[in-house]
Amino acid sequence: MVILETDRLLLRHLVLDDLNELFVLYRDPEIRKYFPEGVLNLEETKEELEWHMNGHPRYPELGLWATIHKKTGRFIGRCGLLPWEIDDRLEVEIAYLLDESFWHQGLATEAVQGILKYGFEKLNLSRLICLIDPENIASQRVAEWIGMTLERKVDGIAGDNFPTLIYSINRK
Ligand SMILES: CC(C)(COP(=O)(O)OP(=O)(O)OC[C@H]1O[C@@H](n2cnc3c(N)ncnc32)[C@H](O)[C@@H]1OP(=O)(O)O)[C@@H](O)C(=O)NCCC(=O)NCCS
């Protein structure tokens, strides 16, 4: 199912056929550099993919979505919306991860702009956040580009011990 389209990208539900292409990204230490879990093996990738195939199991309107480069038809990553409980508050994070050979073309910013619009206009969410490693400058730029501001730094999220920046934006 197609979730949304931008000029250059199409975001749709993940399907089992995406597994190998997703695994190529998830096993890459450069792409997974700022993820607390690091690289994933094939089994872990499959588990995550299956978890998101019909949207997030608890919040089916959210989830990680296959990100397709329209011009080439290639699967170039997964982006989406993820639910978190942070300080007793339900938050929705914009998540993004792209194939390194497609970096530096403004594609993440384009995907995230599309997701922001979708979250505010279609899902009627009132606030969106990004959770970012303080050393992940590229990701901070993407969050800033779409109008998010740095709200605070926390020592960890959901029980982990990884310092994390919380960026946020409210619906106007
Ligand atoms: C973060 C990520 C999605 C950015 O993708 P991208 O398509 O290259 O981003 P864009 O082309 O839209 O660039 C957005 C901004 O980030 C900047 N940027 C991109 N890569 C950068 C880098 N390695 N270092 C510093 N700035 C960088 C760009 O220059 C641009 O800012 P500018 O217009 O002010 O110059 C990509 O690097 C990625 O997939 N990383 C691995 C997964 C990840 O860390 N995801 C985020 C988890 S919170």
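## Exercises on the largest pocket and its ligand

Helix H2 (42-52), strand E4 (74-86), E5, H3, strand E6 (127-132) and H4 are the elements that each contribute at least two residues to the lining of the largest pocket. The model is predicted.

**Exercise 1.** Describe the space and the lining of the largest pocket.

*Solution.* Begin with the space: the largest pocket holds about 1,300 Å³. Next, consider its wall, which is made up of 46 residues. Nearest the centre of the pocket are Phe35, Tyr96, Leu97, Asn136 and Ser139. Finally, sort the lining by class: 28 residues are nonpolar, 9 are polar and 9 are charged.

**Exercise 2.** Locate the ligand and state which elements surround it.

*Solution.* The ligand sits in the largest pocket. Two or more residues of the shell around the ligand come from each of strand E5 (89-98), helix H3 (107-122) and helix H4 (137-145). The greatest contribution is that of H4, with 6 residues. In total, 20 residues surround the ligand. Their division by class is 13 nonpolar, 6 polar and 1 charged.

**Exercise 3.** Identify the residues closest to the ligand and examine the polar backbone atoms beside it.

*Solution.* First, list the closest residues: Tyr96, Leu98, His104, Gly106 and Thr109. Second, take the nitrogen side of the ligand: a nitrogen atom lies 2.8 Å from a polar backbone atom of Tyr96. Third, turn to oxygen: an oxygen atom of the ligand is 2.7 Å from a polar backbone atom of His104. For Gly106, a polar backbone atom is likewise 2.7 Å from an oxygen atom of the ligand. Each distance may be checked against the cut-off for a polar contact, within 3.5 Å. As a last step, consider coverage: on its own the ligand has 930 Å² of accessible area, and the protein covers 75% of it.

Key
Residues are numbered from 1 along each chain as its sequence is written. This is a predicted model: local features need pLDDT of at least 70, side-chain atom pairs count only at pLDDT 80 or more; totals for chains, interfaces and linings use all residues. Side-chain values use heavy atoms; hydrogens and water are left out. A residue is near a molecule or strand if one of its heavy atoms lies within 4 Å of it. A polar contact is a pair of N or O atoms within 3.5 Å; within protein, one must be able to donate a hydrogen and the other to accept it, and residues adjacent in sequence count only if both atoms are side-chain atoms. Accessible areas come from the Shrake-Rupley method with a 1.4 Å probe; for residues, only the protein chains shown count as cover. On a 1 Å grid over the protein atoms alone, a cavity is a set of points where a 1.4 Å probe fits but cannot get out, and a pocket is an open set with protein on both sides within 12 Å along at least five of seven lines; lining residues have an atom within 4 Å of a point. A molecule sits in a cavity or pocket if more than half of its atoms lie within 2 Å of its grid points. Helices (H or I, at least four residues) and strands (E, at least two) are DSSP runs, numbered from the N terminus. Ala, Val, Leu, Ile, Met, Phe, Trp, Tyr, Cys and Pro count as nonpolar, Asp, Glu, Lys and Arg as charged, and the others, Gly among them, as polar. Grid points are joined across faces, edges and corners, and a volume is the space filled by probe spheres set on the points.
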